[in-house]
Amino acid sequence: MSAGFKPELHQVPVPPMQWDAWGDPALAAPLSEGTSTLIRGMLGVSGEITLPTLDPSTVTVSPSRLSDADLAGLRGIVGDGFASTADADRLLRAGGKSTPDLLRRRQPPQDAPDAVVLPATDEEVAALLAWCEENRVAVVPFGGGTSVVGGVDPDAGRFRAAITVDLRRMDALIDLDEVSQVATLGAGVTGPDAEELLGERGYSLGHFPQSFRFATIGGFAVTRSSGQASAGYGRFDDMVQALTLVTPRGTLVAGRSPKNAVGPDLRQLVMGSEGAFGIVTRVSVRVHRVPAVTEYEGWRFNSFTDAAAAFRAVAQEGVMPTVMRVSDEVETALNLARPTEIGESSDDDLPDKQVPGGCLAITTFEGSPTAVAARAGVVREIFTAVGGQSLGPGPAQAWEHGRFSGPYLRDALLDIGVGCETLETVTSWANLDALKTAVTAALSEALPEPTVVMCHISHTYATGASLYFTVVYRQDGEPLEQWMAAKRTVSQAITDAGASITHHHAVGRDHRPWLSAEIGELGVDALRAVKDVLDPAGVCNPGKLV
């Protein structure tokens with residue numbers, strides 16, 4: 001039972017994540033002495049807890065605006081045990097897990113959806129949408145609750161209330177076509193459950209974003225998620241063969257073949273829609289056999305510029321590792337390139353021949369022994385040609401061991417008045433250096449000195465790459481407004497630099513002000529026109545995307 005609530009206070013199944021922090025509370029830990037010492041030295045903070053968490057049993061939750069008759073109507077659709085207006089159930093779906101979200105969790109009272117509903121079938125989803133349209137209630141789809149852009153905020157907009165539709169009951173492996181290697185999964189299947197269900201049959205999805213342990217198949221699709229193995233297996237939108245979208249105007253099944261020429265690809269319209277057009281209930285995705293072997297290799301480059309040149313050469317050669325990522329000089333120096341905490345030693349993972357400084361790159365290769373050897377050989381040749389130095393398997397194995405642990409560190413830093421947030425973007429290779437400089441400058445200028453800005457490349461393409469930034473800073477004044485002001489500044493800097501406002505975190509609420517600058521007013525009108533057709537009353541996830 002998560003979040004510290006008493007079991008009897010819950011009327012519906014409980015999400016796995018804490019209400020006011022990332023992930024499983026059993027995996028959370030206070031800062032180590034090494035990390036605390038480093039942070040105190042870098043930022044000039046005391047290291048004492050200055051922003052305490054709230055006891056959930058004492059939290060005041062915004063009262064539900066739904067009547068007993070409304071709750072009875074919802075229970076008539078999904079069953080008595082799967083609709084609730086209890087404070088404990090609603091608080092656990094109060095939003096996502098961005099730094100602003102978590103700062104709000106420490107400031108009573110707490111906003112929350114007016115009810116939580118858990119449908120089990122497409123028919124129940126359709127009935128819920130019809131009920132909400134008739135009763136002027138907004139609908140917010142909820143998978144793992146891992147959004148960091150306000151995508152699952154229970155915003156009622158112009159409606160009288162908002163319900164969260166938790167898709168966890170839609171958690172089955174519906175079909176596995178082993179000839180075509182296509183699996184159909186319910187939208188509520190989590191990343192680990194997908195691997196377990198497929199693994200029992202000898203297959204893997206191979207999609208491992210940092211949210212992997214909690215995020216769901218439906219969430220991956222509607223946010224255009226990109227996993228840490230995207231170099232080898234592609235983004236999630238590359239994997240999708242078909243989707244089922246239940247809308248207030250009916251059910252849309254998009255996709256029946258790998259590729260076709262039947263007009264614009266409607267799968268692409270659904271992916272990235274973030275619940276604004278309806279609710280995705282099932283997804284058919286490309287899978288692969290569990291790889292026979294995995295090979296790991298870490299690399300050191302003299303500079304981020306050299307590393308980016310090597311990554312570009314590999315991507316343009318078209319012989320990709322399964323994982324290929326590189327940290328800049330600052331991130332490497334602070335050990336964020338490895339799964340240890342900031343400032344924790346991991347020298348045992350590195351050979352004696354490593355010299356100080358430079359940038360740490362991680363590669364892994366999966367597949368048959370012959371395929372792995374061939375791809376690894378090409379990558380080694382390219383990396384060596386631009387000055388890369390092999391560090392052996394240790395750094396890559398250590399990174400994989402702790403790759404999902406980073407968000408827990410952010411929560412511990414918030415306790416002592418230190419902000420730690422991430423943002424990502426994507427641009428062409430030609431624009432990469434200018435973009436990195438612009439984002440670093442914007443964050444450094446918007447936040448108090450000294451602010452630490454780190455960057456890594458985690459997703460590469462023949463024509464460009466994604467830059468993922470982590471910023472650590474001292475919180476001053478009003479922490480929420482401080483970060484939101486910095487976020488506005490850096491978002492504008494990204495747009496002004498000609499890059500995309502997001503690569504895989506999605507638009508949500510936080511990035512929506514910059515959408516028109518990227519796709520144009522005509523593009524926004526086109527999206528609104530689609531919403532008017534599929535959701536004419538506008539009940540689906542108000543305030544997000546469009």
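**Helix 17 and the cavities, in conversation**

Author: Let's start with helix 17 in this predicted model: spanning residues 479-496, helix 17 has 18 residues and reaches 26 Å from its first C-alpha to its last, close to the 26 Å expected at 1.5 Å a residue.

Reader: Which residues of helix 17 are called buried, and what makes them so?

Author: Buried means under 20% relative accessible area. Pro479, Trp483, Lys487 and Ile494 are among the residues of helix 17 that are buried, so each of these falls under that cut-off.

Reader: What do the buried residues of helix 17 pack against?

Author: Their partners are helix 4 (99-104), strand 16 (418-428), helix 16 (432-446) and strand 18 (464-474).

Reader: How many cavities of 30 Å³ or more does the structure hold, and why are they called cavities?

Author: There are two. They are called cavities because a 1.4 Å probe fits inside but cannot get out. The largest cavity has about 110 Å³ of space. Of the 13 residues lining it, the closest to its centre are Val148, Val149, Glu421, Thr422 and Lys487. Strand 16 gives the most to this lining, with four residues.

Reader: What makes four residues of the largest cavity's lining count as charged?

Author: Asp, Glu, Lys and Arg count as charged, so Glu421 and Lys487, both in that lining, belong to this class. The rest of the lining divides into five nonpolar and four polar residues.

Reader: Where does pLDDT stay under 50?

Author: Over residues 336-355. Where pLDDT is low, the predicted coordinates should not be read in detail. For the chain, mean pLDDT is 93.

Definitions and conventions
Residues numbered from 1 in each chain as written. Predicted model: local features only at pLDDT ≥ 70, side-chain atom pairs only at ≥ 80, totals over all residues. Heavy atoms only, no water. pLDDT = per-residue confidence, 0-100. Contact = heavy atoms within 4.5 Å. Helix = DSSP H or I, 4+ residues; strand = E, 2+ residues; numbered from the N terminus. Expected span 1.5 Å × (residues − 1). Buried < 20%, exposed > 50% of the residue type's maximum accessible area, 1.4 Å probe, protein only. 1 Å grid on protein atoms, 1.4 Å probe; cavity = no way out; pocket = protein on both sides within 12 Å on 5 of 7 lines; lining within 4 Å. Points joined across faces, edges and corners; volume = space filled by probe spheres on them.
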